[in-house]
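Please open the model in your viewer and keep the sequence panel beside it. The tour below goes from stop to stop, saying what to select and what can be found there.

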Amino acid sequence: MKQVVQNYKSGELTLLDVPVPACKPGGVLVRSAFSLISTGTEMMKVSEAGMSMLGKARSRPDQVAKVMQSVATNGVAATYRKVINRLDSYTPLGYSLAGVVEQVGAGIEDVAVGDLVACAGNEHALHSELNWVPRNLYAPVPAGLAARHAAFGTVGSIALQGVRRGEPQLGDVTLVIGLGLIGQLVVQLLTASGARVVGVDPDPARCTLAARLGAVACGDPGSAAVQSAVADLTGGRGVDQVYLAAGGGSNEPVELAARLSRDRGRVVDIGKCRLDLPWNAYYEKELDVRFSRSYGPGRYDPEYELNGRDYPIGYVRWTERRNLACFLDLVARGRVDVEPLISHVADFDTAVDTYQRLAAGELKAVAVLFRYPDGESTVEHPALTVPVARNGHVRRPARSATVRVAFVGAGNYASSMLLPHLVERDDVELRQVVTTSALSAANARRKFGFATASTDLDAMLADPAVDAVFVVTRHSSHAALTRRALLAGKAVFVEKPLALTESELADVLAAVEESGNDRLQVGFNRRFAPLLREAVDRFGARVGPASVRYLVNAGRLEQGSWYAQQDREGSRFTGEGGHFVDTVSWLLAADPTSVYAAATPGHHDLQVVLRYPAGSTATISYVTSGAASFPKETLDLVADGKVLRFDDFARASVYGRGRWTSSRLPRGRDKGQRAELDAFLDAVRTGAPMPVSLDSLAATTAATLAVRTSLATGVPVKLERTR
């Protein structure tokens, strides 16, 4: 199937062949009939992509701050790879469409195959022939409403939520500044609610259109006609609400809002314009400034949007989905007319040309629709026909003794920390990449040269030419995918964690017993870090018991991170704590025998005490309340009158009869991913034992899971051998 994408690094726009998205539970697969170009939001993204790197940085100072923090935590090299991977990837465009349901996922009962639905979301309602859409981001289209009109559902919801934030009442006089697509819809919604509307825009054609759609007066922001109309309609008192639907860098909209508002009026920001509020003007009138967040309550909440958890109507009357359904009803009943807003309808295969004409100003439009050809109902998973990038990530011709690799998942970690090492090897063939997101698979194939890409996991596992499967997906899927790959006879490299529960761990081990296939490696890379290995060699052989202190300054999660979805993805320590347990176990050459854990309120900071054979102990302090400027990982190993000090993969020292200190800071913080991959692939190719024994992987996972049990019971948990 085809999808409109853009490379944010180069600005390239293209119509790309990508795999059909999988129809997952809790959503529907929709074949697009019409999708709407947002001439404001989307064209702003297109414009930003065409900027220089400096221009991009100036336009997104929030992202620059994140990059600088990543440099402090992970080093320049790792941060550079991460940033370039994100920039040099195809990103989707679009967020408002209407189409026909082609498949229905498990748990969906309100629509059936063949129903017309309106869809929302910048990850789900894309300019693409097919989209998977979760239940709270689609709404059935009322009978008789044309698909081309239903495609306005998302932008209509944005306008509707903005009007709700203003709380207009019958007889209010309102001012709408900016008469683009959103502004025109706001004008109609306010008129439908019984308010009188004055419109403001420098474009005379847009003013004429707004007057046709219900505004009682319209004019240029600097025109005396606007001020005169407001004075006449309000008796000189000023408007009740101002709706800012303008964009750009001018501060004129907020200044005009202050001049024309009444005492204690409301100013609602819907667009993205400059907001340097003139303090005296806003203070003297005590203006109420409000922001309208996209489509309504539920937006940016993954539990609502992705997991389908609705808000009770008694507490949240108008959610994102209810706004969508309400707007469709208003259009169906003729209270809002979107047909006059349609400036141009383009066939989908001319999408790139259409964007270029819009960007060049050749095509003047309020709203532009893409019209899709009728598609067959049978959903297939075609191979990609994406050109391989000429950026150094081109797989060299393989030698005869190659390891043929498939990836399940191709997110940022896989693309920045694993795949760059694999494409450099002559003895690796990147055979398949499988993702639930069609565009993610396309990006991976373009950058790294996979032979094929699809969303069909079963077909990949059945392929006898695949030797090893890399599972690099979200935590909740690791155990099930690992089990399936083992049963299919593949060697498996799964990123941590191996499992989120004891039963999941038991299922993985049962698959080993059932299949006789123990070719398993978990992504515990720290034991392979070159600087740590050099420090251990300098420390020398250990005779007596040892004490280890491991401080992990994890920091706080970003708002909205999927790591915070504990009921689905496990606790944060369950997800990454295995790294630190495995490192300690490798240092002590043993598996833990008991685990005790204590935590601060809310489990933000953890203290985990591990006991080992022969009297050795380890304490892992996993904290989120520390300073961001402090190193993320510091470790001390004390035994036999010696101390090993390891500072965040950047410096190491050994104190004893003499002292050794790493001579200089490494070029980057090498956390061992390359060496770990080398060891795994060599084992797969030669048939040698896996780099880490299955017993050790199971023991580390069991110890990590035991932290949760100890926190719940308040007592140490004794660890029995799992195999």
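**First stop: strands 23 and 27**

Begin by selecting strand 23 (residues 547–553) and strand 27 (residues 633–639), which run antiparallel and are joined by 6 bridges. Helices (H or I, at least four residues) and strands (E, at least two) are DSSP runs, numbered from the N terminus, and two strands pair if DSSP finds at least two bridges between them. If you then pick leucine 551, its bridge partner in strand 27 is threonine 634.

Before going further, note that this is a predicted model, in which local features need pLDDT of at least 70 and side-chain atom pairs count only at pLDDT 80 or more, while totals for chains, interfaces and linings use all residues. Residues are numbered from 1 along each chain as its sequence is written, and side-chain values use heavy atoms, with hydrogens and water left out.

**The sheet of 9 strands**

Widen the selection to the open sheet of 9 strands, whose order is 30-29-28-27-23-26-25-24-31 and whose pairing is mixed. At its edges are strand 30 (659–661) and strand 31 (717–718), each of which pairs on one side only.

Next add helix 20 (residues 530–539), which lies across strand 27, strand 28, strand 29 and strand 30 and runs at about 170° to strand 28. Axes here are lines fitted to C-alpha atoms, for helices over the stretch in contact, and angles run from 0 to 180 degrees between N-to-C directions; contact means heavy atoms within 4.5 Å. Helix 24, in turn, lies across strand 24 (594–599), strand 25 (606–611) and strand 31, running at about 50° to strand 24.

**Helix 22 against helix 24**

Keep helix 24 (residues 694–713) and add helix 22 (residues 572–588): their axes come within 9 Å and cross at roughly 130°. That angle makes helix 22 oblique to helix 24, where angles under 35 degrees count as roughly parallel, over 145 as roughly antiparallel, 65 to 115 as roughly perpendicular and the rest as oblique. The crossing of helix 22 and helix 24 is right-handed, a term used if the near helix is turned clockwise from the far one by less than a right angle, and left-handed if anticlockwise.

To see the contact itself, show the side chains of Phe573, Thr574, Gly577, Gly578, Val581 and Asp582 in helix 22, which meet Ser696, Thr700, Ala703, Thr704, Leu705 and Val707 in helix 24.

**A loop with a positive phi**

Now move to the loop between strand 28 (642–647) and strand 29 (651–655), where phenylalanine 649 is placed. Phenylalanine 649 has a positive phi of about 60° although it is not a glycine. Most residues other than glycine have a negative phi, and most peptide bonds are trans. Is phenylalanine 649 buried or exposed? Phenylalanine 649 is buried, with a relative accessible area of 2%; buried means under 20% relative accessible area, exposed over 50%, and partly exposed in between (1.4 Å probe, protein chains only).

A second residue of this kind is glutamate 167, with a positive phi of about 50° although it is not a glycine. Look for glutamate 167 in the loop between helix 6 (153–166) and strand 9 (173–177), where, at 40% relative accessibility, glutamate 167 counts as partly exposed.

**A cis peptide bond**

Select lysine 496 and proline 497, which are joined by a cis peptide bond with omega about -5°. Proline 497 lies in the loop between strand 21 (491–494) and helix 19 (502–515).

**The sheet of 3 strands**

Turn to the open sheet of 3 strands, which has the order 2-1-4 and antiparallel pairing. Its edge strands are strand 2 (13–17) and strand 4 (90–92), each pairing on one side only. Strand 1 (residues 2–7) is joined to strand 4 by 3 bridges, and asparagine 7 has tyrosine 90 as its bridge partner in strand 4. Helix 16 (residues 438–448) packs on the sheet and touches strand 1, strand 2 and strand 4.

**Last stop: strand 7**

Finally, select strand 7 (residues 130–134), which is largely enclosed by the rest of the structure, since 5 of its 5 residues are buried. Leu130, Trp132 and Pro134 point one way from strand 7, and Asn131 and Val133 point the other way. Strand 3 (residues 27–37) runs antiparallel to strand 7 and is joined to it by 5 bridges, with glycine 27 standing opposite proline 134.
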